[in-house]
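Please open the model in a viewer and keep the sequence panel at hand. The stops below are arranged so that each selection leads to the next.

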Amino acid sequence: MKKALTAALAATIAMTSLGVASAAEAQSRGGYEQRHDRQDRRDDRDDRREHRQDAREDRREHRQDARDDRREHRQDARDDRREYRQDQRSYARWQRAERRYNAPSRYYAPRGYQTRQWSYGQRMPSYYRSNQYVVRDYGRYGLRQPPHGYQYVRSGNDVVLAAVAGGLITAVIAGLFN
């Protein structure tokens with residue numbers, strides 16, 4: 001009986017140690033799985049972080065591209081305005097009229113003056129800038145609208161574009177009237 005008891009005791013001990021070993025093994029496996037789970041979560045976090053970083057860089061690049069586009073647009077608009085202003089100012093200094101028109105009335109030079117040829121840069125006397133000599137229906141004679149502060153003035157058969165204030169001549173259209 002001692003032998004049977006010893007054998008039973010040995011079997012119980014063996015079974016207990018086997019159970020402990022399998023519990024330990026299960027724990028170690030669980031620890032392995034937990035470590036793996038933590039590593040997977042870290043990897044997921046790193047992937048999300050990289051994705052956010054890439055998205056930020058894409059937004060930055062998009063903003064930079066949009067900023068460059070706005071700058072180019074402003075530069076183009078500035079160039080267009082500059083060209084438009086130059087076109088508006090680009091009255092040829094002296095030009096021959098393409099077509100001749102019948103004058104609305106006979107021309108008389110102001111008292112003390114005679115008909116003469118005017119040229120760019122000269123100043124017209126104030127007598128010429130009176131209502132009697134100003135050409136107001138410029139469209140009828142194929143002339144463009146004068147810039148602000150300028151007016152067309154008739155001098156003989158010619159028309160002169162002169163400043164309202166000082167009379168500085170900007171352009172001369174020769175032979176507009178018969």
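Begin by selecting strands E3 and E4 (residues 158-163), which run antiparallel and are joined by six bridges. Helices (H or I, at least four residues) and strands (E, at least two) are DSSP runs, numbered from the N terminus, and two strands pair if DSSP finds at least two bridges between them. Tyrosine 150 stands opposite alanine 163 in E4. The two strands form a hairpin with two residues between them, and glycine 156 in that turn has a positive phi of about 70°.

This is a predicted model, in which local features need pLDDT of at least 70 and side-chain atom pairs count only at pLDDT 80 or more, while totals for chains, interfaces and linings use all residues. Residues are numbered from 1 along each chain as its sequence is written, and side-chain values use heavy atoms, with hydrogens and water left out.

**The whole chain**

Colour by secondary structure: the protein has one helix and five strands, in the order α-β-β-β-β-β from the N terminus. Of its 178 residues, 21% count as buried (buried means under 20% relative accessible area, exposed over 50%, partly exposed in between, with a 1.4 Å probe and protein chains only). Among contacts (heavy atoms within 4.5 Å) with a separation of 6 or more, 54% are between residues 24 or more positions apart.

**Strand E3 and its other partner**

Select residues 150-155, strand E3, where five of six residues are buried. Strand E2 (residues 134-135) pairs with E3 in the antiparallel sense over two bridges, and valine 135 stands opposite tyrosine 152 in E3.

Within E3, select glutamine 151. Is this residue buried or exposed? Glutamine 151 is buried, with a relative accessible area of 13%. Leaving aside neighbours within four places in sequence, glutamine 151 is in contact with Arg129, Val134, Pro146, Val160, Leu161, Ala162 and Val164.

**Strand E5**

Move next to E5, which is largely enclosed by the rest of the structure because six of its six residues are buried. Four bridges join E4 to E5, and the two run antiparallel; valine 159 stands opposite isoleucine 173 in E5. E4 and E5 form a hairpin with five residues between them, and glycine 167 in the turn has a positive phi of about 85°.

**The nonpolar cores**

Show side chains for Ala97, Tyr101, Val135, Tyr141, Leu143, Tyr152, Val159, Leu161, Ala171, Ile173, Leu176 and Phe177, the twelve residues of the largest nonpolar core. Such a core is a set of buried Ala, Val, Leu, Ile, Met, Phe, Trp, Tyr and Cys residues joined through side-chain atoms within 4.5 Å. E4 and E5 (169-174) each supply at least two residues of this core. Apart from it lies another core, of ten residues, among them Tyr128, Ala162, Ile169 and Val172.

Now centre on isoleucine 173, which touches Gln95, Ala97, Leu143, Tyr152, Asp158 and Val159, not counting residues up to four places away in sequence.

**The second largest pocket**

The last stop is a pocket of about 180 Å³, the second largest. Of the 14 residues that line this pocket, Pro104, Ser105, Gln132, Tyr133 and Arg154 are the closest to its centre. A pocket is an open set of points on a 1 Å grid over the protein atoms alone, where a 1.4 Å probe fits, with protein on both sides within 12 Å along at least five of seven lines; lining residues have an atom within 4 Å of a point. Grid points are joined across faces, edges and corners, and the volume is the space filled by probe spheres set on them.
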